[in-house]
There are 2 protein chains.
Amino acid sequence: MQGLMQDWPLTLDKILDHAKAMAPNREVVTRSVEGPIIRSTYGEIHGRAKQVTAALKNAGVRFGDRVATLAWNSSRHMEVWFGAQGMGAVLHTLNPRLFPEQIAWIANHAEDKILFLDLTFVPLVEKIAGQLATVERYVILTDAAHMPQTSLPNAVAYEDFIAGWSADIAWGGFDENTAAGLCYTSGTTGNPKGVLYSHRSNVIHAMAANTGDAFGLRSRDVVLPVVPLFHANAWALTFIGPMAGCKMVMPGARLDGASVYELLESEGVTLTAAVPTVWLMLLSYLRENQLKLTTLKKVIIGGSAVPEAILRAFEEDYGVEVVHAWGMTEMSPMGSLCALGPEEDALPHEDKIKLKLKQGRAPFTVEMKIVDDAGKELPRDGKTFGRLQVRGPAVTRAYFKGDGARRADGAALEADGFFDTGDVATLDPAGFMQITDRAKDVIKSGGEWISSIEIENIAVGAPGVANAAVIGVAHPKWDERPLLIIEAAQGAAPDKGETLAYLEGKIAKWWMPDDVAFVEKIPLGATGKINKLELRKMFADYRLPTA
Amino acid sequence: MQGLMQDWPLTLDKILDHAKAMAPNREVVTRSVEGPIIRSTYGEIHGRAKQVTAALKNAGVRFGDRVATLAWNSSRHMEVWFGAQGMGAVLHTLNPRLFPEQIAWIANHAEDKILFLDLTFVPLVEKIAGQLATVERYVILTDAAHMPQTSLPNAVAYEDFIAGWSADIAWGGFDENTAAGLCYTSGTTGNPKGVLYSHRSNVIHAMAANTGDAFGLRSRDVVLPVVPLFHANAWALTFIGPMAGCKMVMPGARLDGASVYELLESEGVTLTAAVPTVWLMLLSYLRENQLKLTTLKKVIIGGSAVPEAILRAFEEDYGVEVVHAWGMTEMSPMGSLCALGPEEDALPHEDKIKLKLKQGRAPFTVEMKIVDDAGKELPRDGKTFGRLQVRGPAVTRAYFKGDGARRADGAALEADGFFDTGDVATLDPAGFMQITDRAKDVIKSGGEWISSIEIENIAVGAPGVANAAVIGVAHPKWDERPLLIIEAAQGAAPDKGETLAYLEGKIAKWWMPDDVAFVEKIPLGATGKINKLELRKMFADYRLPTA
């Protein structure tokens, strides 16, 4: 028997309709790429987004076509999102931080029909325009007065593109499973893969992401999404802002400490979100200028694990609550948030800090489990670690145009309806999840798993050590055993004996590395993480003394 | 083109699964009908609810069958909810406040197969059991030790009913539009009508109801739903509690001031919700005993309009935030909540109080508009009032076994996909809605509408007036004109001239009643509201002096 409730498809246009009805005059403030601060409102954005829809239709964009953006966070960027999604086109955020060739490859794979770009990216796009096989039109997110000389074919200023079109055009009216957004993710191997969000997945994800222990925005909050729209949809904040009817502050192209600080203070920001590197810049600016944060209450940090120094600085020096978050593009992106509950509130400060370094708890709509290599579920005891698998309405089941069976790094995408994250983690009885390793980096010794990251985190503290890496090396009896690789600090010359002695008692006996190797420089990847693929190549023929 | 996200039906079993994974040891505390305070946890409730599922299947209950409850808020009642809904049966809450004949009529109409009842209601059900044509089994929500002598056929104690069944039974796995709950609503005319909720509607409703400006629960909150599960699903709190992973306190049968106060203080409650009469009892108990509320932060008040005295007492005397809420059984029930935004925060205290008497703003997933009799949308100017119509995923589109075209009071159910609430309201530019009248009570004078309630609210303040009512009386030129009906205060004898003089300047000239009639006693309905149906009968042949 079916219920008898209204059929109200969960489509994204309804979010902006809601903001227009309930908070039409609430501001969306943008530091424009042209320079000045621009003030808009949900009411104005709603009207202009509808003009975008009309202009897109006139430009030949149809239901399901891909509309690409290469742009910073701004009210104009939001207008393009809702304008494209409201008519059932697919908003595709290109990431300007990729190599130009990758951007071209992705735009061609996505078959983007039209590209909206900020002034910043005109030179970049001019270089690759010749390779963009499907883009018919370039819309530069500015007005006629700021329009540059450009070789881009069929280029037009955004304000001219939307000018004259009526805001009286219908949105929605299609199935909630209609594709709404496309975002590519790149693994260490293979081509980038497109995650194709639906209206339903984005709406449910935004509702879940705005519950109390997640973002928890109220209409009196002011939110500054420093995390870009091209980075996993700015963690849903451009949907949550209008859903909550709260003021938004869009930072444009300037994400340095001084610029972010100025917006935080001048606009009265209460919640902000970004990756750790942004906060390093802000904190160093605050220290150098002896400044305080007078309105900020909560900062969401994700993208990579929160360094303890950043956590302590915000909480201890500036009185701002840090919420450590974890997710993936394939999860829309939210997977977990480390908000404390009543039991944790009662802990001593140092225990709270330790707990906040965990990735946290899944909000409702995210299911998590850890499994062994055979797919058997492992206990939630806070000690056992296994492959982290997730399930939910905002989790990917296949990639755009892909076979659907492989993750970006080549691993199996799903088992039992669960998506394999490629991470190894523990889950504790209170639900807190902690990432302990990447699945491909975990060391399998005699059927048991050893976390490379845990040993590394301790080993970097040993005397004379600048950086430390641990990889698994083939062993005739145990399959694999850990090899500790050390980059010595300037002028220091740590030896094997004293380094291993430092680890004694800090890790389990059977985790002790079988050997220590010293290198000039530990190779790092583009994002500053240790390049283990390279290390494994370097030590491919390494023979352990225990072998 | 469709998105490529996982198919994860929004079914209610997932809410309790979530609580079990993320807050297994969080308490659900019940003041049991037997007397003592009982402490349970989400983990235990999850296991026992699964036992309910197994026991229901064994008792012959199948997918889609109706499982009825006649019970107070308790952890056992929650177990029955999730146990029935988890297997795809329909949980039907019977309202013990109705007349026994109505309860019997409703149970027969619903074709309830099994009835779970509290000890309190055994005598009541014994009286009507002979009329209950479809109920095969009576489960009394107690254990063997407290089992009463009863004439109920096939009666069993709840603890015996679930004992021995394994908690290892699957939940969910069906379409999210599957019926999940049934709740009857009664209009002033005709038979009660059943609202048939779906899993999807209840899940989306609970997520929307728990956003920041609505309930906004975090895991560190403690929630006391005084509003019963049989009153429009306790306003979704039994879903929101486990969704947020927060502690719950269930008041059982005792809703008097002393009992509610004791739970608020002893369990550290931070948020509670109920109708105004409950708060009158609590506030009078607090005053008589000179008590303070030390942990409570927010009280949600709905069911009928919040009286100003209650609002002021909570906010001014006890420092507790009042959120005025409005809804209907047909809306699952949440329609609007009066949380203030940043502009309103800046208002003087008296203006805030005035604003908080409005019914508030719709959360995302509720669409509202006001229309005239022809269905034309009216302006959102805070002055124009029209029929309030709503739309959303948790709004009824038809009644159980009904033709779907009529509301409980006989009016048209839908127009343009919008549900007609039967209320007349204003909407202001900031989104605040205020109910000004019931549609059937509004006076239509020359095509313009006059609010009977607004005139009544002013007229009760006139000298010598105990109560005042306004109804429309036929008029040859204007169709209808207002007649003011006065019940004089003890020993007073107000006259027409001075009563009308009191209204002058307080209402628009054309709203001035054409006449004043004096009655011994203004007839009231069962809930204490003015019985306008009766008044209209009494004055059916009344001839206005202006006619």
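The dialogue below walks through a predicted model, one feature at a time.

Q: How are chain A and chain B related, by what turn and what shift?
A: Lay chain A on chain B. The fit has an RMSD of 0.1 Å. It takes a turn of 180 degrees and a shift of 0.0 Å along the axis. The two copies are thus related as by a two-fold rotation axis.

Q: Which C-alpha of chain A is nearest the axis?
A: Look at Thr211(A). Its C-alpha is the nearest in chain A, 2.8 Å from the axis. The two copies also use the same surface: of the contact residues of chain A, 100% recur in chain B.

Q: At what angle do H7(A) and H7(B) pack?
A: Helix H7 covers residues 199–209 in chain A and in chain B. The two helices pack at about 45 degrees, and their axes are 9 Å apart. That angle makes H7(A) oblique to H7(B). The crossing of H7(A) past H7(B) is left-handed.

Q: Which residues make the contact between H7(A) and H7(B)?
A: From H7(A) come Arg200(A), Ile204(A), Met207(A) and Ala208(A). From H7(B) come Arg200(B), Ile204(B), Met207(B) and Ala208(B). Sorted by class, the contact has 6 nonpolar residues, 2 charged ones and no polar ones.

Q: How do strands of a sheet pair?
A: They pair through backbone hydrogen bonds, either parallel or antiparallel. Now take a sheet of chain A. It is open and has 7 strands, in the order E7-E6-E5-E3-E4-E8-E9. The pairing is mixed.

Q: Which strands stand at the edges of that sheet?
A: Strand E7 (155–157) and strand E9 (193–198) of chain A do; each pairs on one side only. Neighbouring strands are turned by 25 degrees against each other on average, direction ignored.

Q: How many bridges join E5 to E6 in chain A?
A: There are 4 bridges between strand E5 (residues 112–117) and strand E6 (residues 137–140) of chain A. These two strands run parallel. To find a facing pair, start at Leu117(A): Ile140(A) in E6(A) stands opposite.

Q: What does helix H4 of chain A touch on this sheet?
A: Helix H4 (residues 100–110) packs on the sheet and touches strands E3 (66–70), E4 (90–93), E5 and E8 (179–185) of chain A. Its direction makes about 150 degrees with that of E8(A).

Q: What is the strand order in the sheet of 8 strands in chain A?
A: Read E2-E1-E11-E10-E12-E13-E14-E15. This sheet is open, with mixed pairing. Strand E2 (37–41) and E15 of chain A are the edges; each has a single partner strand, so one side of each is left without a neighbour in the sheet. From one strand to the next, the twist averages 20 degrees.

Q: How many bridges join E10(A) to E12 of chain A?
A: E10(A) and strand E12 (residues 271–274) of chain A run parallel, joined by 3 bridges. Val223(A) stands opposite Leu271(A) in E12(A). Helix H11 (residues 308–317) of chain A also packs on this sheet, touching strand E13 (298–301) and E14. Its direction makes about 145 degrees with that of E14(A).

Q: Where is Pro333(A), and is its bond to Ser332(A) cis or trans?
A: Pro333(A) sits in the loop between strand E14 (321–327) and strand E15 (334–337) of chain A. The peptide bond joining Ser332(A) and Pro333(A) is cis, with omega about 15 degrees. In chain B, the bond from Ser332(B) to Pro333(B) is cis, with omega near 15 degrees.

Q: Is the phi of Ala236(A) positive or negative?
A: Positive, about 75 degrees, although Ala236(A) is not a glycine. Find Ala236(A) in the loop between strand E10 (222–225) and helix H8 (237–244) of chain A.

Definitions and conventions: Residues numbered from 1 in each chain as written. Chains lettered and ligands numbered in written order. Predicted model: local features only at pLDDT ≥ 70, side-chain atom pairs only at ≥ 80, totals over all residues. Heavy atoms only, no water. Least-squares fit on C-alpha atoms with pLDDT ≥ 70 in both. Contact = heavy atoms within 4.5 Å. Pairing = 2+ DSSP bridges. Axes fitted to C-alpha atoms, helices over the stretch in contact; angles between N-to-C directions. Parallel < 35°, antiparallel > 145°, perpendicular 65-115°, else oblique. Left-handed = near helix turned anticlockwise from the far one by under 90°. Nonpolar A, V, L, I, M, F, W, Y, C, P; charged D, E, K, R; others polar.
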